[in-house]
Amino acid sequence: EPMFCAYYEASEHLLKYARWLSLESINSSIKDSPNSAVVERGVAAEWKLTTRNKEMARKELEDIVFNEHLERTEPGDRLSWSEQECEKLLKSLRHTSDNKHMGFFVQMNFPPDYTAFIKQPIAWDFCNNKLKDRRYITIGEIVADLRLIFSNALKYNDHGRTVSKISSMAYDSALHMSKKLEAAIDRMLLVVSDRIGRERIDMITSQREHDAKERAEEARLKLNWEKGNPSASVEVKTKLRIVNNRSLHRGRSADFDFPFYDEGDDQEDHVDSLRHAKSLYEKQRKKRAATKALSIAVGIRVLRNLEQRAAAKEWAYRMAYQEHTERKSKEEVLNASSEAMDMDTGDKGKGSYVSAAMSDGDRKQVKMSLSIQQQQKKKRRTMLTSL
């Protein structure tokens, strides 16, 4: 019965929760008794308030809570219940009375040599922004980051607290806030583990009720069918080997599953059922073959597209390399020609180019001569004018 199962599972959860609560809350009565029985996990009818049982209960709680995945919402939306518990854990470190201690660990402001001693610097603002951006996956991740804040401070200020007053204050503040963080984690473990257990019971109960409704509906439909078909029995799916005694189908047999209805010894009904099952089987086989052919065609098409893409990438790389080689060769030719021109200019010296050309022995000589006819014509004209 679903109700009895729900009561049983709720009782189991309450027994586990009572053990966790007693071992986490009644610290004054916990004793160190190595000879007493140890309850590692699960349901126990009785347990002793010992340190060993407390350690095992704490380990069981951490396994349940820290491995629980957060119900992540979109940034800007309302936080889920698991994200709200993480937000409460963050806000438990920012009470007004703790401002003087928490001031060292809020922002990502570190000394210049901080990274030389600390591998992973972290601060409260970083954890808060990471939670707002929904980047945490499990509850254990945010707990590990918050613990890392104070462990880094203790590690960095351990050597300098005897010399520097600020290092001493930061070290004492880290001790104080780490104790407060562990107390907040203890409270969160109890609350979240109880919520996880209750939600698990509700989910199982609802699934069981849904299955019971489905079974009841099937039973009702079966009863109505039996009332409408009094001569028919319940449908049984079995594997039969049927051989037709007629001369037309003599010697032919078939082995496969088909629904068989016991409606008497009429051979015709069995043969019809056999033919119907065979036709259904053939249709399914053809559909499977068509699906297989379609999947193969799609696979071949995808493979060809991938090959074309790879060939295009290779061609583009080859052309780019060829263009780069040609450009580099052209640059080398231009550099060589410019160097040759510089060398020629250096050999000619610092004088003018005309004097350098005159001193060249291989140059061709140019001959110049004056014409006298024009001068005689001018003299005649002057003489005629004077006359």
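Helices are DSSP runs of H or I with at least four residues, numbered from the N terminus. With that in hand, a good starting place in this predicted model is helix H9, which covers residues 267–347 and contains Leu 306. Leu 306 belongs to a nonpolar surface patch of about 360 Å², made together with Leu 294, Val 298 and Val 302. The relative accessible area of Leu 306 is 48%, so this residue is partly exposed. To join such a patch, a residue needs over 30% relative accessible area, and the 48% of Leu 306 satisfies that part of the rule.

Aromatic rings come next. The model contains 5 aromatic pairs. One of them joins Phe 104 and Phe 105 in a tilted arrangement, with 6.1 Å from centre to centre and 50 degrees between the planes. The label follows from the angle: planes under 30 degrees apart would be stacked and planes over 60 edge-to-face, so the rest are tilted. These two partners are covered to different degrees, as Phe 104 is partly exposed at 30% relative accessibility, whereas Phe 105 is buried at 6%.

Another pair brings together Phe 117 and Tyr 156, which meet edge-to-face with their centres 5.8 Å apart and their planes at 70 degrees. This pair links distant parts of the chain, since Phe 117 lies in helix H5 (residues 114–117) and Tyr 156 in helix H7 (residues 139–156), 39 residues apart. Phe 117 has 47% relative accessibility and therefore counts as partly exposed; Tyr 156, at 18%, counts as buried. The cut-off for buried is under 20% relative accessible area. Phe 117 and Tyr 156 also take part in a wider group, for ring pairs connect them with Phe 110 and Tyr 114 into a cluster.

Aromatic rings in this model also have charged partners. The charged end of Arg 94 is placed over the ring of Trp 124, at 4.7 Å from the ring centre. A similar description applies to Arg 161, whose charged end sits over the ring of Tyr 171, 4.1 Å from its centre.

A further arginine deserves a look for its backbone. Arg 134 is not a glycine, yet its phi is positive, at about 60 degrees. Most residues other than glycine have a negative phi. Arg 134 is found in the loop between helix H6 (124–132) and H7. Is Arg 134 buried or exposed? With a relative accessible area of 9%, Arg 134 is buried.

Methods: Residues are numbered from 1 along each chain as its sequence is written. This is a predicted model: local features need pLDDT of at least 70, side-chain atom pairs count only at pLDDT 80 or more; totals for chains, interfaces and linings use all residues. Side-chain values use heavy atoms; hydrogens and water are left out. Patches are made of residues with over 30% relative accessible area and no salt bridge: like charges are joined within 9 Å, nonpolar side chains (Val, Leu, Ile, Met, Phe, Trp, Tyr) within 5 Å. Accessible areas come from the Shrake-Rupley method with a 1.4 Å probe; for residues, only the protein chains shown count as cover. A salt bridge is a side-chain nitrogen of Lys or Arg within 4 Å of a carboxyl oxygen of Asp or Glu. Helices (H or I, at least four residues) and strands (E, at least two) are DSSP runs, numbered from the N terminus. Buried means under 20% relative accessible area, exposed over 50%, partly exposed in between (1.4 Å probe, protein chains only). Rings of Phe, Tyr and Trp (its six-membered ring) pair if their centres lie within 6.5 Å; planes under 30 degrees apart count as stacked, over 60 as edge-to-face and the rest as tilted. A charge sits over a ring if NZ of Lys or CZ of Arg is within 6 Å of the ring centre and within 35 degrees of the ring normal.
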